[in-house]
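Let's take a look at this protein together, starting with the overall layout and then zooming in on one helix. Keep the 3D view open while you read.

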Amino acid sequence: SLAESACRGAYRAYRNGKNKRREYVTETIRRVREINPDIMVLQGAGISNGEDVYNTIMLGAEATGSTSGIFKAADPAAMVEEMISALRAAWDEKHKA
């Protein structure tokens, strides 16, 4: 699809060291929204803790992946709680009345 193609280009630049993670996240979101602003963007790369979840949502993603961050954590259940709390905090911050 066009969205996948756009994201592949941003990912290649990221892997080649041309973009930092923040730039990768914002660039892929921008490219997807250029194609269709109604697509909800999930960012899954580099999510290893609650801070990553919070920052990714604040950069414009609607969701994040989290599998490796949870399974590699010393306490996976605590990591799930941390990530959910971070998601809630970011959601609340972005949708203040």
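Start at the N terminus and walk along the chain: the elements come in the order α-α-β-α-β-α-α. That adds up to 5 helices and 2 strands. Keep in mind that what you're looking at is a predicted model, not an experimental one.

Here are some whole-protein numbers to go with the picture:

| Property of the protein | Value |
|---|---|
| Buried share of the 97 residues | 31% |
| Share of contacts (separation of 6 or more) from residues 24 or more positions apart | 45% |
| Exposed area | about 6,400 Å² |
| Share of the exposed area from carbon and sulfur atoms | 53% |

Now for helix H5, which covers residues 76-94. With its 19 residues, H5 spans 27 Å from the first C-alpha to the last, close to the 27 Å you'd expect at 1.5 Å a residue.

Which residues of H5 are buried? They are Met-79, Met-83, Ala-86 and Ala-90. These four share the same side of H5, because they cover an arc of only 60° around the axis. There's a handy rule behind this kind of pattern: an α-helix has 3.6 residues a turn, so residues three or four places apart point the same way.

And what do the buried residues of H5 pack against? Their partners are helix H3 (50-58) and helix H4 (67-71). Turn to the other side of H5 and you'll find Ala-77 and Glu-81, which are exposed.

Definitions and conventions. Residues numbered from 1 in each chain as written. Predicted model: local features only at pLDDT ≥ 70, side-chain atom pairs only at ≥ 80, totals over all residues. Heavy atoms only, no water. Expected span 1.5 Å × (residues − 1). Buried < 20%, exposed > 50% of the residue type's maximum accessible area, 1.4 Å probe, protein only. Arc of directions from axis to C-beta. Contact = heavy atoms within 4.5 Å. Areas by Shrake-Rupley, 256 points an atom, 1.4 Å probe, with all protein chains shown as cover.
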